[in-house]
Amino acid sequence: MELRRGGVGSQARARRMDGDSRDGGGGCKDAGSEDYENLPTSASLSTHMTAGAMAGILEHSVMYPVDSVKTRMQSLNPDPKAHYTSVYGALKKIIRTEGFWRPLRGLNVMMMGAGPAHAMYFACYENMKRTLNAVFHHQGNSHLANGIAGSMATLLHDAVMNPAEVVKQRMQMYNSPHRSALSCIRTVWGTEGLGAFYRSYTTQLTMNIPFQSIHFITYEFLQEQINPYRGYNPQSHIISGGLAGALAAAATTPLDVCKTLLNTQENMALSLANISGRLSGMANAFRTVYQLNGLPGYFKGVQARVIYQMPSTAISWSVYEFFKYFLTKHKLENRTPY
């Protein structure tokens, strides 16, 4: 059921909060959308950033144990004690053999990165989308504009998140020598240098630009179908976000496997591939994955990745849209004389 933005204004004007407009095909609108549509057509930059930060922190916190399983399942040459056949089975085994809190190791550094990264990510996306839609579609909704906006937002997001990803994934691996994020940072910096934190950056971008393009285009398309007046409708945000994340995750799994290898520098895998020193570069990572596991190697952990991304993006969009709605409504009410 659609929630309404009540008590603000008097007439419905078919406007979206992010600046796009809809005619809804000429049909009569649900009365439940009227109060929502009286809000301003554009939320402020601070609103986008605050809503984005909250979405990022909650998304990664709730789904972090599954992310830990995904990292391990993408291992090219796992320890015999770290062979897993399912996400649920892996979680049970990790908790039973390594302790209850083991799947959460590295969560603190991920939360520290996710807040600012998602703040910039959503703020950039909303502003780029509004600007490009005005150019391409005269304030309508252009899927090309949404895809480009998502790609540009990814550049900022990954610049902040890549170091956090490196630390997080090294702490998630089986039998990791790192007991805290700080010790991991010191060790990596001391033995591999600052560049180690950005060794997978180009691969991350190569993965995330198509991922986010597919993600945003699919989300906006589904919103057009199930929420054409773009009201604050939690159910539509959850469904659209979840399906968009699942599709994007499945399509980009091969790139995620290569990114994981570059981030973790998995010792046994590099030894089997006769690689001395450190592995660098996306092309080298692709060759190594194929050399060790063939074509199936590119889809290691695909189940865990989809299971992680589907609720993850659903949480992210529903939390983001809620805070965007709540903060914009709150600011407007504070300016409205009673």
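These questions and answers walk through a predicted model of one protein chain.

Reader: How many helices and how many strands does the protein chain have?
Author: Along the sequence, the pattern is α-α-α-α-α-α-α-α-α-α-α-α. No strand breaks that run. The count is 12 helices and zero strands.

Reader: What share of the 338 residues counts as buried?
Author: A residue is buried under 20% relative accessible area. By that cut-off, the buried share of the chain's 338 residues is 53%.

Reader: How far apart are the end C-alpha atoms of α5?
Author: Helix α5 covers residues 143-172, 30 residues in total. A straight helix at 1.5 Å a residue would reach 44 Å. The α5 ends fall short of that, at 36 Å.

Reader: Where in α5 does the kink lie?
Author: The kink is about 40°. Proline 163 follows shortly after the site. The residue at the kink is methionine 161.

Reader: Which residue caps the N-terminal end of α5?
Author: The contact runs from a side-chain oxygen to the backbone nitrogen of leucine 144. The two atoms lie 3.4 Å apart, and a polar contact needs N or O atoms within 3.5 Å. The capping residue is serine 142.

Reader: Is leucine 144 buried or exposed?
Author: Leucine 144 sits in helix α5. In that helix, 22 of the 30 residues are buried. Leucine 144 has a relative accessible area of 53%, and the exposed class starts over 50%, so leucine 144 is exposed.

Reader: Which element gives the most to the nonpolar surface patch?
Author: The patch has an area of about 510 Å² and is made by Val135, Phe136, Leu144, Ile148, Met152 and Leu155. Two elements give two or more residues each: α4 (107-137) and α5. With four residues, the top contributor is α5.

Reader: Is arginine 230 buried or exposed?
Author: Arginine 230 lies in the loop between α7 (201-226) and α8. Its phi is positive, near 55°, though the residue is not glycine. Its relative accessible area is 6%, under the 20% limit, so arginine 230 is buried.

Reader: Is asparagine 175 buried or exposed?
Author: Asparagine 175 is in the loop between α5 and α6 (181-192). This non-glycine residue has a positive phi of about 60°. Its relative accessible area is 59%, over the 50% limit, so asparagine 175 is exposed.

Reader: What distance separates the C-alpha atoms of threonine 252 and valine 302?
Author: Threonine 252 lies in the loop between α8 (234-251) and α9 (253-264). At 2% relative accessibility, threonine 252 is buried. Valine 302 is 50 residues away along the chain, and the C-alpha separation is 9.3 Å.

Notes: Residues are numbered from 1 along each chain as its sequence is written. This is a predicted model: local features need pLDDT of at least 70, side-chain atom pairs count only at pLDDT 80 or more; totals for chains, interfaces and linings use all residues. Side-chain values use heavy atoms; hydrogens and water are left out. The expected span of a helix is 1.5 Å times one less than its number of residues. The bend at a residue is the angle between axes fitted to the seven residues ending there and the seven starting there. Buried means under 20% relative accessible area, exposed over 50%, partly exposed in between (1.4 Å probe, protein chains only). A polar contact is a pair of N or O atoms within 3.5 Å; within protein, one must be able to donate a hydrogen and the other to accept it, and residues adjacent in sequence count only if both atoms are side-chain atoms. Patches are made of residues with over 30% relative accessible area and no salt bridge: like charges are joined within 9 Å, nonpolar side chains (Val, Leu, Ile, Met, Phe, Trp, Tyr) within 5 Å. Accessible areas come from the Shrake-Rupley method with a 1.4 Å probe; for residues, only the protein chains shown count as cover. A salt bridge is a side-chain nitrogen of Lys or Arg within 4 Å of a carboxyl oxygen of Asp or Glu.
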